[in-house]
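The following exercises are to be worked with the sequence and the structure at hand. Each task is followed by a solution in steps.

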Amino acid sequence: MGENASFWESLIYAHPTCTTWKREAEGSIYHLASILFVVGFMGGSGFFGLLYVFSLLGLGFLCSSVWAWLDVCAADIFSWNFILFAICFVQFIYVTYQVRSVSFDREFQELYSSLFQPLGISLTVYRKIVLCCDAEVVTLEKEHCYAMQGKTPIDKLSLLVSGRIRVTVDGEFLHYIFPLQFLDSPEWDSLRPTEEGIFQVTLTAETDCRYVAWRRKKLYLLFAKHRFISRLFSILIGRDIAEKLYALNDRVHMGKGFRYDIRLPNFYHVALPETPTLQPSYHLQRRSPRRKPMGVTNCSPFSPRSKEGKLCSSHSPEQRREM
């Protein structure tokens, strides 16, 4: 204990204390360096945040080196500050190279700004997603089919970048697909990774379209390596399917001026104005909103099925007459 006490006492009291303080302030270079340090440590995260931090800290250490060389005339203070300036300069060059290497074409940059950046996805993660589709945007000409009912296999997941896609089943219109929506999210969600299937709808380009396509097996490999990307696509696909269901919900008329409301779990429907009714041409099967039904009755997709396989209401006939 005595040796430790003597060590700390020598460390504290070995140097003479300041009896008199300098009344004049240090030069402007010293204060400029301090200001740069304060502003530099207020930087954010990400690539541009690192560029901000390393650039201001580097300038601060450079000013400190100049101050130590001209005013203090201390070689050790100058050496340490100059070494720290060199480290910041090297880091700035390295981050700049990384930012330049994560550059994308115009369409991918717009896709990132519109869809992925608002979700807080970094450029490095987005780069993995882009490389998975080989950084390629596919063109689909007007009136050409992306998928044909009962013929095209489900082997990829595509996201529409520009244009408009018409979805039909047996020649009957279902809904449109607009930019930043998936072309085949219901088909993707209806299959397990080991299953295969074919489209139950036809997707036709109403205008010249551009879309990004990820191959099914390659995308599952990416999900296995990066769980965060898997959760991200799960959220995007789920939201896209919900939007398609609501778009279809506006078209389901059940006769007598009533319409389905898929948000309600049992037999509830909303009265419509006196307009010609449109009989539904699809039903939910294997979690896909794009299938054609056989004999839909006044019932909810969440209600139990009858012996004939039809979706039926859980209410009795007397209850239905009262409704």
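**Exercise 1: Two residues with positive phi**

Classify aspartate 170 as buried, partly exposed or exposed, then locate the residue and state its phi.

Solution. In this predicted model, aspartate 170 has a relative accessible area of 49%. Buried requires under 20% and exposed over 50%, so aspartate 170 is partly exposed. The residue lies in the loop that runs between β4 (165-169) and β5 (172-177). Its phi is near 55°, a positive value in a residue other than glycine.

Apply these steps to alanine 135.

Solution. The relative accessibility of alanine 135 is 36%, so this residue counts as partly exposed. Its place is the loop between α6 (123-132) and β1 (137-140). Phi of alanine 135 is near 50°, again positive in a residue other than glycine.

**Exercise 2: A nonpolar surface patch**

Which residues form the nonpolar patch on the surface, and which helix contributes the largest share?

Solution. The patch consists of Ile35, Val38, Val39, Met42 and Tyr52, which together have about 480 Å² of accessible area. Helix α2 (residues 28-40) supplies the largest share, three residues. Tyrosine 52 belongs to helix α3 (residues 46-72). Patch membership requires over 30% relative accessible area; tyrosine 52, at 34%, is partly exposed.

**Exercise 3: Confidence**

State the mean pLDDT of the protein and examine residues 262-287.

Solution. The mean pLDDT is 78, and 72% of the residues reach 70 or more. Over residues 262-287 the pLDDT is below 50, and this stretch has 75 contacts in the model beyond near neighbours in sequence. Where pLDDT is low, predicted coordinates should not be read in detail.

Note on methods. Residues are numbered from 1 along each chain as its sequence is written. This is a predicted model: local features need pLDDT of at least 70, side-chain atom pairs count only at pLDDT 80 or more; totals for chains, interfaces and linings use all residues. Side-chain values use heavy atoms; hydrogens and water are left out. Patches are made of residues with over 30% relative accessible area and no salt bridge: like charges are joined within 9 Å, nonpolar side chains (Val, Leu, Ile, Met, Phe, Trp, Tyr) within 5 Å. Accessible areas come from the Shrake-Rupley method with a 1.4 Å probe; for residues, only the protein chains shown count as cover. A salt bridge is a side-chain nitrogen of Lys or Arg within 4 Å of a carboxyl oxygen of Asp or Glu. Helices (H or I, at least four residues) and strands (E, at least two) are DSSP runs, numbered from the N terminus. Buried means under 20% relative accessible area, exposed over 50%, partly exposed in between (1.4 Å probe, protein chains only). pLDDT is the predictor's confidence in each residue, from 0 to 100. Contact means heavy atoms within 4.5 Å.
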